[in-house]
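Trainee: I'd like to learn how to read the place where two chains meet. Can you walk me through it?

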4 protein chains.
Amino acid sequence: MLGDLKREVYEANMLLPKNNLITFTWGNVSGIDRENGYIVIKPSGVEYEQLSPENMVVVDLEGKKVEGDLNPSSDTATHVELYKAFSNIKGIVHTHSPWAVSFAQAGRDIPAAGTTQADYFYGSIPVTRQMKKEEIEDEYEKQTGSVIIETFKKRQINPNQVPGVLVNDHGPFTWGDSPASAVYHAVVLERVAEMTYHTMQINPTSIEMSQDLLDKHYLRKHGKNAYYGQK
Amino acid sequence: MLGDLKREVYEANMLLPKNNLITFTWGNVSGIDRENGYIVIKPSGVEYEQLSPENMVVVDLEGKKVEGDLNPSSDTATHVELYKAFSNIKGIVHTHSPWAVSFAQAGRDIPAAGTTQADYFYGSIPVTRQMKKEEIEDEYEKQTGSVIIETFKKRQINPNQVPGVLVNDHGPFTWGDSPASAVYHAVVLERVAEMTYHTMQINPTSIEMSQDLLDKHYLRKHGKNAYYGQK
Amino acid sequence: MLGDLKREVYEANMLLPKNNLITFTWGNVSGIDRENGYIVIKPSGVEYEQLSPENMVVVDLEGKKVEGDLNPSSDTATHVELYKAFSNIKGIVHTHSPWAVSFAQAGRDIPAAGTTQADYFYGSIPVTRQMKKEEIEDEYEKQTGSVIIETFKKRQINPNQVPGVLVNDHGPFTWGDSPASAVYHAVVLERVAEMTYHTMQINPTSIEMSQDLLDKHYLRKHGKNAYYGQK
Amino acid sequence: MLGDLKREVYEANMLLPKNNLITFTWGNVSGIDRENGYIVIKPSGVEYEQLSPENMVVVDLEGKKVEGDLNPSSDTATHVELYKAFSNIKGIVHTHSPWAVSFAQAGRDIPAAGTTQADYFYGSIPVTRQMKKEEIEDEYEKQTGSVIIETFKKRQINPNQVPGVLVNDHGPFTWGDSPASAVYHAVVLERVAEMTYHTMQINPTSIEMSQDLLDKHYLRKHGKNAYYGQK
């Protein structure tokens with residue numbers, strides 16, 4: 001069942017330690033088959049060396065396990081919420097990568113300070129509000145998804161153009177049109193967090209890039225008239 | 001004698017350089033056999049490449065060498081004090097890992113700023129007070145243990161729920177229910193020190209997470225109703 | 001065609017990941033054959049493992065492709081402008097190396113704070129002004145070159161003595177008398193950015209080195225009476 | 001001639017890249033045979049992969065080449081001055097290691113903030129004053145040695161107890177009773193610079209350790225009654 005997607009999700013998971021985004025088992029990747037609504041996700045608390053395409057877990061859009069011997073990631077309900085709300089995305093990543101977490105713990109957006117961010121994120125990378133007592137106590141992982149979705153709605157951010165978020169006091173989630181693309185965005189987010197942290201220390205007053213430069217870099221890669229790469 | 005524990009302590013010692021917690025010989029791991037009260041610990045000042053299960057040193061709960069050709073770690077008396085006072089722990093680690101030492105030298109707790117810490121430490125990671133002249137001059141290593149124990153008592157911190165400490169102007173000690181678990185906590189402590197340092201620079205005013213979120217994360221892994229992983 | 005230069009440019013490109021200056025495909029090296037005015041440059045958006053001397057792209061000094069199956073780097077027009085204006089240089093590098101980008105995003109020069117910089121850069125490494133709306137919208141990559149050239153002219157900096165620049169809100173370009181020399185300067189720039197960032201945090205008030213020390217270090221390597229190395 | 005010392009100096013030089021203290025060729029190690037007053041030192045500007053015991057250069061205490069096909073390190077005159085003034089040392093290291101350079105460029109001592117430093121340096125690691133125009137212009141490398149020696153004399157620091165220094169706006173020199181010991185101190189200096197930098201950011205007001213703790217740690221390793229390790 002879903003052999004290709006399982007391999008894809010497995011390989012995307014293995015990219016996390018390869019890109020130094022992971023300590024121990026602190027991270028997970030999922031992918032979705034939009035036709036039948038099945039999600040493939042990393043099992044919970046299993047070490048990366050022990051992963052295989054075969055032990056990936058299949059759940060449905062209710063978060064119920066459809067196939068697999070192991071429990072799915074404890075963050076499964078967050079992934080499910082995001083897949084339901086953001087209808088174009090096909091892969092999701094969660095990590096505790098250190099620079100991203102530093103901003104998440106500070107409760108601060110990563111502002112768009114340069115072209116590295118602008119090449120993949122069309123603006124600031126938002127941080128969610130802190131979660132409320134009742135959200136934490138009841139269906140916490142599902143509510144984590146809800147607060148992400150709320151952030152994008154309230155601030156009118158398009159999740160297809162800003163493929164990532166910082167969950168307040170927790171860490172980053174990123175997504176994309178495939179599990180591998182979601183990992184790519186996780187790397188970009190971590191790297192811009194690192195660079196913009198240092199930028200903020202050098203120049204604490206004004207680091208936002210111009211809207212013109214943001215438009216240019218995002219759109220030369222992602223707009224109708226994109227001309228970057230070999231397309 | 002104690003062949004299994006020696007191997008366990010040896011392997012836990014070798015995890016320190018593997019996890020980049022060690023410069024030269026600056027660190028040590030011990031384990032205890034609670035039935036007979038014997039402690040197995042790294043020999044003093046020996047390079048990691050020259051360690052083997054066989055050259056681990058056995059001492060008793062007075063700190064006296066029971067077996068081994070080499071001198072035990074110079075920090076042995078600290079380990080002994082902690083094993084005597086914290087009756088549930090079975091492994092102890094000491095390192096000079098750089099982010100933890102940075103906080104220890106600053107004389108500051110690592111506040112609970114996010115879920116990475118909350119997953120393993122139920123609150124701030126405390127720093128001890130500075131040691132007094134007489135504590136330093138007489139039985140210094142034993143007194144180092146005493147000041148750790150005093151810190152947990154005075155501040156009413158449960159060492160089973162906060163498995164680590166920063167010794168002021170010195171560095172971290174961590175523990176757990178096995179030598180490997182103590183190393184795991186040493187890695188977590190180093191990683192949260194790194195992230196929370198950066199968080200404090202981004203947001204110098206308020207970085208403490210909510211008690212609700214702290215409860216949630218600690219207890220979903222460690223409480224009666226833990227549901228993380230494959231249990 | 002230009003087999004030697006293609007190999008040289010290929011090898012210089014491969015030095016970028018080797019020296020940890022690169023994430024994904026974010027960087028490129030070119031070289032020029034000054035006799036016939038042909039430039040060899042990395043193809044756009046191709047991963048480093050897939051590069052070979054054969055897939056390097058040849059363009060002329062108008063930026064038109066002369067040979068090659070792939071599109072040249074999207075930054076080609078910037079390289080062309082620099083080769084036209086700085087007549088002694090034979091290699092150019094662009095990266096998004098993190099410390100250099102941190103200064104570029106902050107819009108700040110890297111001041112000459114010590115001998116490491118003075119050994120290769122005869123003064124501060126300048127940051128360009130921000131680009132204007134019309135420069136961004138029309139021939140952006142070419143205008144990026146122009147704003148670099150303007151910076152050196154207005155501030156009367158000799159590009160042979162200061163072989164690098166930070167493009168505002170973007171990142172570094174470096175150059176040299178060969179592609180390999182341009183990479184060498186990219187490494188130096190990244191390393192001095194890292195060190196001088198920390199220097200600025202330790203001592204926010206005065207970190208400029210003396211003109212005498214700057215003269216000494218630059219000229220003992222690059223002046224008429226250079227005596228460093230085996231020459 | 002001096003085959004053993006050449007091997008020792010060669011091997012100590014190779015420890016520099018192994019311990020991540022080196023970019024390109026920016027560093028050198030020497031050793032001295034105190035009986036005949038000959039110094040063995042790295043050749044100038046040669047890459048580490050091309051070093052061998054055979055291409056080490058022999059100079060006398062005037063800095064004149066006694067044996068070797070290559071030029072000695074351009075810093076040879078500094079080494080010579082230090083060997084003449086500090087009569088107990090037998091090995092010297094110079095690097096541009098990044099954390100040490102950050103303090104050197106800031107013109108600041110590395111204060112004794114914790115036991116890691118106290119284990120090897122009996123107090124602050126001093127920075128020299130800036131060099132004067134005439135010192136820079138005439139016999140610069142020899143004068144670099146002189147200003148180091150002046151620093152230790154004026155501040156009454158014992159070079160046997162504080163085996164390293166930061167040359168203002170330049171970088172660190174360390175020494176020891178062998179070339180390998182000098183490298184060891186270079187690693188310690190770099191590591192404490194890193195940690196104490198972060199300590200200063202967390203706690204900008206008071207980070208000096210107590211004299212009692214400094215005494216204890218330095219003397220338990222280096223005093224008459226040292227009890228660390230296997231001695």
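Mentor: Sure. Keep in mind that this is a predicted model. Let's begin with one pair: the side chains of Asp212(B) and Lys133(A) form a salt bridge, at 3.3 Å from N to O.

Trainee: What makes that pair count, and how many salt bridges are there across the interface of chain B and chain A?

Mentor: The general idea is a Lys or Arg side-chain nitrogen within 4 Å of a carboxyl oxygen of Asp or Glu. Across this interface, the rule finds two.

Trainee: Which helices of chain B each supply at least two residues of the side that touches chain A?

Mentor: Here they are helix H4 (115-118), helix H7 (179-202) and helix H8 (211-222) of chain B. H7(B) gives the largest share of that side, with 12 residues.

Trainee: How many residues of that side of chain B are nonpolar, polar or charged?

Mentor: You'll find 13 nonpolar, 12 polar and eight charged.

Trainee: Now the whole contact. How many residues does each chain bring, and what area is buried between them?

Mentor: Chain B brings 33 residues and chain A brings 32 residues. About 2,900 Å² is buried between the two chains, and carbon and sulfur atoms give 52% of that.

Trainee: How many residue pairs are in polar contact between chain B and chain A?

Mentor: The count is 15 residue pairs, with both residues at pLDDT 80 or more.

Trainee: Where does UniProt place a domain in chain A?

Mentor: An unreviewed UniProt entry puts "Class II aldolase/adducin N-terminal" at residues 7-197 of chain A. Over that stretch, chain A is 39% helix and 17% strand, and the end C-alpha atoms sit 35 Å apart.

Notes:
Residues are numbered from 1 along each chain as its sequence is written. Chains are lettered from A and ligands numbered from 1 in the order in which they are written. This is a predicted model: local features need pLDDT of at least 70, side-chain atom pairs count only at pLDDT 80 or more; totals for chains, interfaces and linings use all residues. Side-chain values use heavy atoms; hydrogens and water are left out. Contact means heavy atoms within 4.5 Å. Buried area is the accessible area (1.4 Å probe) that two parts lose on being put together, summed over both. A polar contact is a pair of N or O atoms within 3.5 Å; within protein, one must be able to donate a hydrogen and the other to accept it, and residues adjacent in sequence count only if both atoms are side-chain atoms. Helices (H or I, at least four residues) and strands (E, at least two) are DSSP runs, numbered from the N terminus. Ala, Val, Leu, Ile, Met, Phe, Trp, Tyr, Cys and Pro count as nonpolar, Asp, Glu, Lys and Arg as charged, and the others, Gly among them, as polar. UniProt positions are given in the numbering used here, feature names are shortened, and annotations may be inferred rather than shown by experiment.
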